[in-house]
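Hello,

Here is the structure for your files. Please open it alongside this email; my findings follow below.

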Amino acid sequence: PPTPPGPEPGPGSGSGEGSAAPPDETKRAEAEALNEQGKLKLRSADVEGAIATFQQANTVVPDARYVFNLCMAFGAAERWDHAIAACRQARGMNPEERLAMKIHARLEMLQRR
């Protein structure tokens, strides 16, 4: 089974700030393709496949969008603690404002469930 996301990163982790290396943008197309595959798997109820694919996309190029999608997939699998951890990780990656609002709303929903 896929491994759960790690602990919530500290400031700057995965965002290219501080001592963290910036993502390799030459691999962005590969990561985007994996992200799209993950969405298709999630929509077709292959939740475990979606989880693995979103994790792979984030390994290729760390991105808050991929981790948020991972949060959604964990939620679909009713793996609540993993979903919350993934959303917190995505939030810690300094996402753009629109995504940050989605993450915040999803976290509130997960914590109330």
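**The disulfide**

One disulfide is present in the structure, and the model is a predicted one. The bond runs between Cys 71 and Cys 87, with an S to S distance of 2.1 Å. Cys 71 sits in helix H3 and Cys 87 in helix H4, which covers residues 80–91. The two cysteines are 16 residues apart, and the pair links distant parts of the chain.

What is the handedness of this disulfide? The torsion about the S-S bond is about -80°, so the disulfide is left-handed.

Both ends can be checked for exposure. Cys 71 has a relative accessible area of 1%, so this residue is buried. Cys 87 comes out at 0% and is likewise buried. The cut-off behind that word is under 20% relative accessible area.

**Arg 106, a neighbour of the cysteines**

Arg 106 belongs to helix H5. Which residues does Arg 106 touch, not counting residues up to four places away in sequence? They are Phe 68, Cys 71, Met 72 and Cys 87. Both cysteines of the disulfide are therefore in the contact list of Arg 106, and both are buried. Arg 106 itself is partly exposed, at 26% relative accessibility.

Take Phe 68 next. Its C-alpha atom is separated from that of Arg 106 by 9.2 Å. Along the chain the two residues are 38 residues apart.

**The largest pocket**

Phe 68 also appears in the lining of the largest pocket. That pocket holds about 180 Å³ of space. Its lining is made up of Asn 35, Lys 39, Arg 65, Phe 68, Asn 69, Glu 96, Arg 98, Leu 99 and Lys 102. Three helices each give two or more residues to the lining: H1 (28–43), H3 (64–76) and H5 (97–112).

How do the lining residues divide by character? Five are charged, two are polar and two are nonpolar.

**Lys 39 in the lining**

Lys 39 is one of the lining residues, and its place is in helix H1. Is Lys 39 buried, exposed or partly exposed? With a relative accessible area of 24%, Lys 39 is partly exposed. Its side chain makes a polar contact with the side chain of Glu 36, at 3.1 Å.

Leaving out residues up to four places away in sequence, Lys 39 touches Phe 54 and Asn 69. Asn 69 is another lining residue of the largest pocket. For Gly 49, the C-alpha atom is separated from that of Lys 39 by 9.9 Å, with the two residues 10 residues apart along the chain.

**Two positive phi values**

Most residues other than glycine have a negative phi. Two residues here are worth a look on that count.

Glu 78 has a phi near 60°, a positive value in a residue other than glycine. Where is Glu 78 placed? It is in the loop between H3 and H4. Glu 78 is exposed, at 57% relative accessible area.

Asn 94 has a phi near 55°, again a positive value in a residue other than glycine. Asn 94 is in the loop between H4 and H5. Asn 94 counts as partly exposed, with 44% relative accessibility.

**Where to start**

Begin with Cys 71 and Cys 87, joined by the disulfide. Go on to Arg 106, which touches both. Then turn to Lys 39 and the rest of the pocket lining.

Best regards

Conventions. Residues are numbered from 1 along each chain as its sequence is written. This is a predicted model: local features need pLDDT of at least 70, side-chain atom pairs count only at pLDDT 80 or more; totals for chains, interfaces and linings use all residues. Side-chain values use heavy atoms; hydrogens and water are left out. On a 1 Å grid over the protein atoms alone, a cavity is a set of points where a 1.4 Å probe fits but cannot get out, and a pocket is an open set with protein on both sides within 12 Å along at least five of seven lines; lining residues have an atom within 4 Å of a point. Grid points are joined across faces, edges and corners, and a volume is the space filled by probe spheres set on the points. Helices (H or I, at least four residues) and strands (E, at least two) are DSSP runs, numbered from the N terminus. Ala, Val, Leu, Ile, Met, Phe, Trp, Tyr, Cys and Pro count as nonpolar, Asp, Glu, Lys and Arg as charged, and the others, Gly among them, as polar. A disulfide is a pair of cysteine sulfur atoms within 2.5 Å. Buried means under 20% relative accessible area, exposed over 50%, partly exposed in between (1.4 Å probe, protein chains only). Contact means heavy atoms within 4.5 Å. A polar contact is a pair of N or O atoms within 3.5 Å; within protein, one must be able to donate a hydrogen and the other to accept it, and residues adjacent in sequence count only if both atoms are side-chain atoms.
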